[in-house]
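I am opening a notebook on a structure I have not looked at before, and I want to write down what I look up in the order in which I look it up.

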Amino acid sequence: MASRPQAVGVGRALLAVLYGLGIVPAAAETWSGAVSLSASVTVAAGDTLTIQPGTVVSVAARAACRTDTDPSLPNCIRITVLGSLMAEAAYDQPIVFQSDAGAGAVAGDWGGIELRDGGSGSLRWVELKHAKLALVVDNAGDAPASPAVTVDRSTFDNNQVHAMWIRNASHPAVRNNVFRNHPEASNGAVIKVESGTGGGSNPTLLNNLFYDNVEASLVVDASAPAVRNNTIVGGEYGLYLNGGSATPELRNNIILDYDFFGVACASGATPVLQYNNIQSDQSTSKIVGFGDDWWAPCGLSCSPTDPNLDNCPDFSTTNISEGQLVFNDAAANDYTLWCTAPATKSPSVDAGDPTAAYEDNPNITWPVCNTSRNDQGAYGGPGAELPGAPTATPVPTITVTPTITETPSVTATPTETGTATATHSQTPTGTATPTRTPTATATATATTTRTLTPAATHTHTATPQPPASPTQTATATPTATATPSRTATTTATSTTARSPTPTPSPPSSPTSSATATHTASPIPTASASPPGTETPTVGPDPTPTLTASPGPGVPSGTGSTSSVLIAVFSLALPLAFRVRIRRAGTSPSE
């Protein structure tokens, strides 16, 4: 880039200074947030300017720009692209180019965007307004089959001379856009397509909506654009075609309520007119033609006896020239076609080219009275998009009702000294080392990528409860015999060697604990149990066993292995002693 805008935001002030000093930026640059332009910007060949969704570019308004008649617009601030412009946004985060005059902004406040001499770009969900020439594509050096410039789902609003000027062998793809509120201007047109030193320009104009524009919606000079499935409402002309090489394809369009001609043909222009609906509610208006010869200039071989061309097979065989055209709500600028039943629908429903290549977009849900045949206008054909946000394909929801059968139990036999090693006898496996306060933590990964993290409490009895948020079916087969009072997802039994009768600890010092840490690999689709449940399952029943319940003041999820004995002996035997857990198979120590 050779120059850069003055931008607002952190870090932009320094960049603005560097640009002001003539320092050339890197080949790739990104704009985002609020950007203010007080001077013209050029994206050099080989460079790329990327504009992020939601960016608002405000250009300094200049009164001299509104009266500038030089095509190079020396009195206007503009963006010139010799490299690449990527301005791709979203329905709810459009990119906006506008005058900085706020409520006082008018058409012609700034120059616009020009892509020329091989410059390329993509504009998607962009709003361009208050410009002199909003978007110019000049000498793109491309081909209709591989356009260098695409303009999609964008809005052109209140621009002075042209919303788009396509010239000198340029072939952009212009589809699903809205062109509105363009005022009267000398030599004005909403879109102008013309030839140049490189030859004619043949853009593709698909599924665009034009309304509330004063001048002609489309002017074509010595070029052959493909104009399909557009809706054009109002203006002096729908289309104005000039020159013998002006041979556009006009197919499946709706053109109505114009002042003079729906399609004006001058200087030998011979368009292809197929499956269009062209009509006006003004008695002085004509369907096609120019001047007093209101049929012959468009290449029609007949001499009709009425302006509706009913007796002209060249036109009436496929085109519609009269009849009630019903939109859903034209007063609210809703130009979708009304269709409630086969006998009560707009004449443009299912009236387009019946060839399979022009069938309506199969991804749109159409009314029952609408078949797959092409609908005329902006909302018909394979590339149609209904107004508003794009329709997303719903993601199917699958609900699984789990069935869990468990009878878990937990027993622990502490000795004076030793360590007990627990081993699963079902699908989950693990090792538990109990101490006075049993706290089991289980982590498991099933096919549904779940993480089980329940806390466990060894208790006398437990009543199993279903998992908190199960999503699939799981069945666990316990191997223990006791029935705990807390929820459990698996069964755990610890096995230790019997030692002499343990001596209980005093009530004031319930400090011994048993802690089991367990990592399980559960049956796929197993579900997590709520905190305060026991999860490990270990081997054969121990002989003998001693169950533990939570002691006084112990939070849910923890317990003392001697709390039962403490309750019994605390009043009768105020003796201090200590029980130490030892590993199974070793001699007790007293």
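The entries below go from the sheet to the strands around β11, then to the salt bridges and the pockets.

**Entry 1: the sheet.** I note before anything else that this is a predicted model. I looked up how the strands are arranged, and I found an open sheet of 10 strands in the order β1-β4-β7-β10-β13-β16-β19-β22-β25-β28, with parallel pairing. At its edges I found β1 (28-31) and β28 (272-274), each of which pairs on one side only. I also looked up the angle between neighbouring strands of this sheet, which are turned by 10 degrees against each other on average when direction is ignored.

**Entry 2: one pair within the sheet.** I picked β16 (residues 173-175) and β19 (residues 204-206), which run parallel and are joined by three bridges. Within this pair, I saw that R175 stands opposite L206 in β19.

**Entry 3: strand β11.** I then turned to β11 and asked which of its residues are on the covered face and which on the uncovered one. V126 and L128 make up the covered face, whereas E127 and K129 make up the uncovered one. Strand β8 (residues 95-99) runs parallel to β11 and is joined to it by three bridges, and in this pairing V96 has E127 as its bridge partner. Three bridges also join β11 to strand β14 (residues 155-157), again running parallel, and there the bridge partner of E127 is T155. I looked at the side chain of E127 as well, and it forms a salt bridge with K129, with the closest N and O atoms 3.8 Å apart. E127 counts as partly exposed, because its relative accessibility is 27% and the range for that class lies between 20% and 50%.

**Entry 4: salt bridges.** Side chains of opposite charge can pair when their charged atoms come close. I searched the whole structure for such pairs and the count came to 16 salt bridges. The one I followed up joins the side chains of D152 and R124, at 2.6 Å from N to O. Why does this pair tie together parts that are 28 residues apart in sequence? It does so because D152 lies in strand β13 (residues 149-152) while R124 lies in strand β10 (residues 120-124). D152 is buried, with a relative accessible area of 6%, but R124 is partly exposed, at 30%. The side chain of D152 also meets that of R153 in a salt bridge, at 2.6 Å from N to O, and I noted that both R153 and D152 are buried. Elsewhere in my search I came to a network of salt bridges that links R78, E114, R116 and D117.

**Entry 5: the pockets.** Rolling a probe the size of a water molecule over the atoms shows where empty space is left. In the largest pocket I noted about 540 Å³ of space. It is lined by 24 residues, and those closest to its centre are W125, T155, V178, P387 and G388. The elements that give two or more residues to this lining are β11 (126-129), β17 (178-180) and β20 (209-211). I sorted the lining of the largest pocket into 12 nonpolar, seven polar and five charged residues.

The second largest pocket holds about 310 Å³ of space. Of its 17 lining residues, D68, T69, K132, V161 and S186 are the closest to its centre, and the lining divides into six nonpolar, six polar and five charged residues.

Methods: Residues are numbered from 1 along each chain as its sequence is written. This is a predicted model: local features need pLDDT of at least 70, side-chain atom pairs count only at pLDDT 80 or more; totals for chains, interfaces and linings use all residues. Side-chain values use heavy atoms; hydrogens and water are left out. On a 1 Å grid over the protein atoms alone, a cavity is a set of points where a 1.4 Å probe fits but cannot get out, and a pocket is an open set with protein on both sides within 12 Å along at least five of seven lines; lining residues have an atom within 4 Å of a point. Grid points are joined across faces, edges and corners, and a volume is the space filled by probe spheres set on the points. Helices (H or I, at least four residues) and strands (E, at least two) are DSSP runs, numbered from the N terminus. Ala, Val, Leu, Ile, Met, Phe, Trp, Tyr, Cys and Pro count as nonpolar, Asp, Glu, Lys and Arg as charged, and the others, Gly among them, as polar. Two strands pair if DSSP finds at least two bridges between them. Axes are lines fitted to C-alpha atoms, for helices over the stretch in contact, and angles run from 0 to 180 degrees between N-to-C directions. A salt bridge is a side-chain nitrogen of Lys or Arg within 4 Å of a carboxyl oxygen of Asp or Glu. Buried means under 20% relative accessible area, exposed over 50%, partly exposed in between (1.4 Å probe, protein chains only).
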